[in-house]
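User: Hello! I am new to this structure and would like to learn how to read its features. Could you walk me through some of them?

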Amino acid sequence: MDFYASDAFLTALARDFYRAKTIELKTYGIQGSKAQVRLAEINGKKAVHSGPFYDYVKPLPGLTTSPSEILRYVPKVVASVIALPDEDPTSVVPDTLLEPAPLVIWAAFETWEAYLALIRKRSKSLLRTQRQRLRKLTEQFGEPEFTFDNPDTAAFHTCLQWKIQQYKGGHETLESAESVAMLRRLFEDGHLILSTLKVADEYVAFHAGFIWQDEYLALIPAYSPAFAKHGIGKEMLLRVMKHSFDSGHRSFDFLQGAETYKWEFATHVQIIESLGTAPLLTRVKAVAAKTVKQGLLSTSPELFYRVKRLVLDGRQAAANVRGFSRTPSKN
């Protein structure tokens, strides 16, 4: 069972984000599909299949029992896993409405050096440039200090703040109190691991990821802009990936997103699709959102980020009003 179907994640989602009064974990079928998925039913009536940090749903393998209920629609289901070629990895990725989720499956590599050989095959300069940057950084500041599992709560919050600052227009999920409460609970319970990199006794990079059984799910990378020229973000990523390999993990999942760096490192990609029949309004909104975003980004990225900031501020103001209206009077 994958992390997004686990008791830990589904309970945190229902309890801390949706603030459910009652939670029941059930196996659901999907209309028009043989797939079965494990979801949280909240307050005795609603099966939730979306929320912060909820990148996808994986069908449960090898089930022979009937599901508790049949759902008409479930978005973001892993439909297939495709091996990527050593060169031009994106050439086999189909164009879909939903973003794919690249990952590394470690079984193909007997040693860490064997994996690095793949990276060199894709890019002759990536690792060489990174070594040069690390050497200059070390000469100037001393050897970086890497910690894979840092329980420091203050460092956790710094990681979130850096990530928000790196997003033009804001980061809707990390600016939500409910989302942060959910993530903090997973951090305190040991399911979210915070890796840190220090230079001259100061934090310069973070990497937060979920660990579940033998999988690592890369969630939040963040780094100090002052050290960007040293490639500190990529240095941190390589160290976390090596730790994952050395720990005997089955995979290193980059989760949804088609950022360039993910294709530099991934060996496979999970194709994400929606199953069942989406409500008409949901389909219209999805297509419209993608069209508007692509149009604004191609015409004026700055306008897109200004609009995004206005939307986030409006949602936050509405949430504050709702919270105020629910506050009991002291009179």
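User: Which residue in β9 does L197 stand opposite?

Analyst: Happy to help, and please keep in mind that this is a predicted model. To read a strand pair, look across from one strand to its neighbour. Here L197 stands opposite A205 in β9.

User: Which way do β8 and β9 run, and how many bridges join them?

Analyst: The two strands run antiparallel, and 8 bridges join β8, residues 192-199, to β9.

User: How many residues lie between β8 and β9 in their hairpin?

Analyst: There are 2 residues between them, and A200 in that turn has a positive phi of about 55°.

User: What sign does phi have in most residues?

Analyst: Most residues other than glycine have a negative phi. With that in mind, a positive value is something to look for. D88 is not a glycine, yet its phi is positive, at about 50°. You will find D88 in the loop between β5 (73-83) and β6 (101-105).

User: What is the phi of L255, and where is this residue found?

Analyst: L255 has a positive phi near 65° and is likewise not a glycine. Its place is the loop between β11 (251-253) and α7 (260-265).

User: Is L255 buried or exposed?

Analyst: To decide, compare the relative accessible area with the cut-off: buried means under 20%. L255 has a value of 3%, so it counts as buried.

User: Back to β9. Which residue in β10 is the bridge partner of F210?

Analyst: That partner is L217. β9 pairs with β10, residues 215-223, in the antiparallel sense over 8 bridges. These two strands also form a hairpin with 2 residues between them, and Q213 in the turn has a positive phi of about 55°.

User: Why is β9 described as largely enclosed by the rest of the structure?

Analyst: Count its buried residues. In β9, residues 202-212, 8 of the 11 are buried, so the strand is largely enclosed by the rest of the structure.

User: What does the protein look like as a whole, in helices, strands and buried residues?

Analyst: Start with the elements: the protein has 9 helices and 12 strands. Then look at burial: 43% of its 331 residues count as buried. The accessible surface comes to about 17,500 Å², and 53% of that belongs to carbon and sulfur atoms.

User: What share of the contacts joins residues at least 24 apart in sequence?

Analyst: The share is 70%, taken among contacts between residues at least 6 apart in sequence.

Methods. Residues numbered from 1 in each chain as written. Predicted model: local features only at pLDDT ≥ 70, side-chain atom pairs only at ≥ 80, totals over all residues. Heavy atoms only, no water. Buried < 20%, exposed > 50% of the residue type's maximum accessible area, 1.4 Å probe, protein only. Helix = DSSP H or I, 4+ residues; strand = E, 2+ residues; numbered from the N terminus. Pairing = 2+ DSSP bridges. Contact = heavy atoms within 4.5 Å. Areas by Shrake-Rupley, 256 points an atom, 1.4 Å probe, with all protein chains shown as cover.
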